[in-house]
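Visitor: I'm new here, so could you walk me through this one?
Guide: Sure, let's take a look together.

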Amino acid sequence: QVQLVESGGGLVQAGDSLRLSCAASGRIVSSYAMGWFRQAPGKERELVAAIGRFNVLTYYADSVKGRFIISRDNSRNTVYLQMNSLKPEDTAVYYCAVKTSVGVGRRSDEYDYWGQGTQVTVSS
């Protein structure tokens with residue numbers, strides 16, 4: 001059993017920065033791949049960034065590449081998403097997820113555990 005709790009969302013203006021945190025409890029998940037997804041109203045949930053088990057492989061959506069950075073602190077069982085130069089298009093609920101199988105997945109149905117999400121709103 002893995003439980004995930006996201007934090008760090010909020011209301012910001014375009015150009016601002018936020019750092020999202022995802023704390024895992026119930027089981028050590030440092031050996032699992034982890035990802036950040038987001039879902040805007042009326043749109044499908046999409047992968048924003050993912051990081052592999054050994055922090056060697058990372059993935060970023062084209063829309064956030066160069067602005068967002070995913071990282072993790074294995075000692076604290078926490079994954080972060082640093083979001084810089086935020087745009088109104090980044091407005092969404094952001095979800096942390098864990099993939100227990102081998103590899104870094106890009107599809108939401110490949111992930112096994114999910115947090116409840118944290119709202120990020122970027123005003124223009």
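What follows is a short chat about the disulfide and the salt bridges in this predicted model.

Visitor: How many disulfides are there in here?
Guide: The test is simple: two cysteine sulfur atoms have to lie within 2.5 Å. Cysteine 22 and cysteine 96 pass, with their sulfur atoms 2.1 Å apart. By that rule the count is 1 disulfide.

Visitor: Which strands does the link between cysteine 22 and cysteine 96 tie together?
Guide: The two cysteines sit 74 residues apart in sequence, so the pair joins parts that are well separated along the chain. Cysteine 22 belongs to residues 18-25 and cysteine 96 to residues 92-99. Those stretches are strand 3 and strand 9.

Visitor: Is the link of cysteine 22 and cysteine 96 left-handed or right-handed?
Guide: Look at the angle about the S-S bond, which comes to -80°. That makes the link of cysteine 22 and cysteine 96 left-handed.

Visitor: Is cysteine 22 buried or exposed?
Guide: Anything under 20% relative accessible area counts as buried. Cysteine 96 has 0% and is buried. Cysteine 22 also comes out at 0% relative accessibility, so cysteine 22 is buried.

Visitor: Now the charged side chains: how many salt bridges turn up in the whole structure?
Guide: One of them joins arginine 76 and aspartate 73, at 3.7 Å from N to O. Another is between aspartate 109 and arginine 107, at 3.3 Å. Searching the whole structure gives 5 salt bridges.

Visitor: How many residues apart in sequence are arginine 38 and aspartate 90?
Guide: Their side chains meet in a salt bridge, 2.9 Å from N to O. Arginine 38 is in strand 4, while aspartate 90 is in the loop between strand 8 and strand 9. So this pair ties together parts whose separation in sequence is 52 residues.

Visitor: And is aspartate 90 buried or exposed?
Guide: The same 20% cut-off for buried helps here. Arginine 38, its partner in the salt bridge, is buried at 6%. Aspartate 90 has a relative accessible area of 1%, so aspartate 90 is buried.

Visitor: What about arginine 76, buried or exposed?
Guide: Exposed takes over 50% relative accessible area. Aspartate 73, its salt-bridge partner, has 22% and is partly exposed. Arginine 76 has 60%, so arginine 76 is exposed.

Visitor: Which residues do shared salt-bridge partners join into one network?
Guide: Arginine 38 and aspartate 90 already meet in a salt bridge. Salt bridges with shared partners bring these and others into one network, made up of Arg38, Glu46, Arg67 and Asp90.

Technical notes:
Residues are numbered from 1 along each chain as its sequence is written. This is a predicted model: local features need pLDDT of at least 70, side-chain atom pairs count only at pLDDT 80 or more; totals for chains, interfaces and linings use all residues. Side-chain values use heavy atoms; hydrogens and water are left out. Helices (H or I, at least four residues) and strands (E, at least two) are DSSP runs, numbered from the N terminus. Buried means under 20% relative accessible area, exposed over 50%, partly exposed in between (1.4 Å probe, protein chains only). A salt bridge is a side-chain nitrogen of Lys or Arg within 4 Å of a carboxyl oxygen of Asp or Glu.
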